[in-house]
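Please work through the following exercises with the model open beside you, and attempt each task before reading its solution.

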Amino acid sequence: MATRLHVPLPEEVNVSVVVRVRPPLEREKQLGYSKCLSVDSLGHSLTVFQMPPPGISTDIPFKPSSPQPTPRTFTFDYVADESVTQEEMFTAVGKPMAHACLQGYHCCLIAYGQTGAGKTYTMEGPSLHTSFNDLDSIDSGITEKSGLIPRILETIFLILAAEKAQSGVDVEFSVRCSSLQIYNEQVEDLLCPNSTNLTIHEDAKIGMYVEGLQEIEVQTPEATYEVLKRGSLNRHVGATAMNAESSRSHGVFILSVESQRQDLGILNRRVSRFYLVDLAGSERQKQTEAVGLRLRESGSINRSLSALGNVIKALLETTEGKIRHIPYRDSKLTYLLKDALGGNSRCTLIANVSPSIINLEETICTLKFAQRAKYIRNVAMINEDTLGNSSASAEEVKRLRLEIAALRARINSTLPGEQSMSWNDHSSNNQIRRLEYIISQSSKQALAGERKTAQEMHALSKKIDALKSLYLRVDRALQALDGGISQKERKRETSSSPAPSHSQKIYLPQGAGATLDRRTASRNVQFNDLTDEAQLSRPDFKRNPETSSKTDQHDHQMQDNTSAPLKTQIVHLKTMNKSLKQELETITKEKKSMLAEFAEVKRDRDQSKKRLASLEDQISQLQDTIQKLKKRSDKRILSDQVIVDDDDDDDDDDDDDDNKMLVNFQRKKHLNAFKSFISRPRLVEIRRRRPNLLCRLFRRKKRRSNLELMEEA
Ligand SMILES: Nc1ncnc2c1ncn2[C@@H]1O[C@H](COP(=O)(O)OP(=O)(O)OP(=O)(O)O)[C@@H](O)[C@H]1O
């Protein structure tokens, strides 16, 4: 059944997914064509019959996913069946995107699908390679078979020209275009074939861009089409078993539209980019019979497409609330399309499929991919700068101006069947005056709002600067403290015999110092983030004084009205201001706790220092005592030795040591010490070698005591 959908896709939807079924090809018909899908009459769903009808042979071994496969229905924003013409496709898909691009939205249109499914046909129209001879006819205008890109180009120029022709609005616009291909994971400029292996970069303001990519300024749709054609003819195309003119690279045509509207003092500048992407087709090497170069291309194509699938899968998981890394950098394609996939862009994915049962498995894969893409959530914003206005009432002011213009038009013209009106018409003039009064009030409010924001931003910058110097000071102090502690540590390590308990105590402050170091590093990161945020907000902030001065000049001419984006900016800045304030409070608290910690560490360090000094005193006292004891004991030993030597002149020299020990043994008070000094085997040995020595010693002692007794007597 033919699908006739003329209602364009809703404009406010940021990501939409469309399926296009192409008519069967000759090759498919020759293989015994059988259709495997049907599209519902509303053009929103598509049912795939997962079983080849009896008697139909497929050129791939067909394995149904379940023993009794049931038809499977997929729902999309729009499903175009074989009968949908190029023009209808444009009305449904291309036109809303062209309008969105001119409104200031970044746009992206991606054709995805199996090789030979009709991507290039949908995007460009019949092949530019084979229809080269017919190009003259295409150059002269859009033909029935022209694809989305030439139609979008034409529409964009038509709208811009119509706006320019509109009275009362001063429109300036510039359109630039570039064309690139990603071939074997290399970005190549299709307009400058020598520029290969270009690099992709990301910019906070302009998004993703390719460095060194040639941009050509164009004035007419014909000139733009010429550029498209040039790029397309430079693209890698090769024959495979599935498609005589298979695209072997991902082709991206980029349109940059910059428009400037000056309307009653409001200068409105919009910059938007339109990525028109004709992907290389997913392919099974077996089907395409790829070998050599084709095989290498095929591997690269499939790898980047699988990276695209991974990005979409990750995005899907984030919409389910999971925290996931989005692997944009896994391929050049996904990195280049980063804005289109989950970023600031409106995106439409066209999944091209073949109706033939022989491509059933690939068709199901494509539909599954497209279904996942439905869940991507983009945040598309109008990329617009408005000068000469400032507050939240730009839309309202615009509406009022339109009302004034309409009233003036009514007054100046007499419509048939209507009463004639003139400028003298009292009520109309009153109404105009009322409207003008509202506009001037709005302007004043706008100005006040803008000044307030500027002041807030100024204060914020000051706070950030103060914070910066504070943190630098704290950081320096911490570094000095850490340095001091480690120096002390080194000294202690080199000092003689430190007590174990002491070294343990000293280690504690160092650990705390390291904690502080880490905290300082984390604070520095926070601080750098804040500084970066401030830097980012500066361009917006800088705009304010300029706007203010302009607004002052034209205060009575009601120039200072606000646009919605500026309103958003103000809200954003206020939110940022609030969050920065909170951050500041947190940081101040952190700072306090850090200082407390710092003081604690210092206290610990002082205590350790005192303990170390007292321990050192104790050590030196102990050393003194040891020295004294040693001296005393040496003296005693000497005196005893003299006694022993006197009494036993006839003893051998090698008995001296034994004598000393025995003398000590003789002394009662040193008995225990002797026991501890001499081992049992030694004592036994002494007894064996000098059996009479002990007896002699006792005798001598007795003699002495007798002498003493005699002396006393
Ligand atoms: N809607 C359509 N109406 C008529 N012919 C079509 C349609 N779509 C595709 N075709 C034809 O199908 C063939 C393959 O189409 P196309 O080259 O666009 O496929 P592709 O998806 O770009 O393939 P590849 O990925 O290999 O480059 C072409 O001959 C093309 O003219």
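Two exercises follow, one on a single residue and one on a sheet with a helix.

The model is predicted, so local features need pLDDT of at least 70 and side-chain atom pairs count only at pLDDT 80 or more, while totals for chains, interfaces and linings use all residues. Residues are numbered from 1 along each chain as its sequence is written, and side-chain values use heavy atoms, with hydrogens and water left out.

**Exercise 1.** Determine whether Ser 247 is buried or exposed, and find its side-chain polar partner.

Solution. Begin with the location: Ser 247 belongs to strand β13, residues 246–247 (strands are DSSP runs of E, at least two residues, and helices runs of H or I, at least four). Next, its relative accessibility is 10%, so Ser 247 counts as buried (under 20% relative accessible area with a 1.4 Å probe, protein chains only). Finally, the side chains of Ser 247 and Thr 120 make a polar contact at 3.4 Å (N or O atoms within 3.5 Å, where one must be able to donate a hydrogen and the other to accept it).

**Exercise 2.** Establish the strand order of the open sheet that contains β2, β3 and β4, and explain which strands stand at the edges.

Solution. The order is β2-β3-β4, with antiparallel pairing (two strands pair if DSSP finds at least two bridges between them). Because β2 (37–39) and β4 (72–75) each have a single partner strand, they stand at the edges, and one side of each lacks a neighbour in the sheet. Turning to β3 (residues 45–48), its antiparallel pairing with β4 runs over four bridges, and Ser 45 stands opposite Thr 75 in β4.

Definitions and conventions:
Buried means under 20% relative accessible area, exposed over 50%, partly exposed in between (1.4 Å probe, protein chains only).
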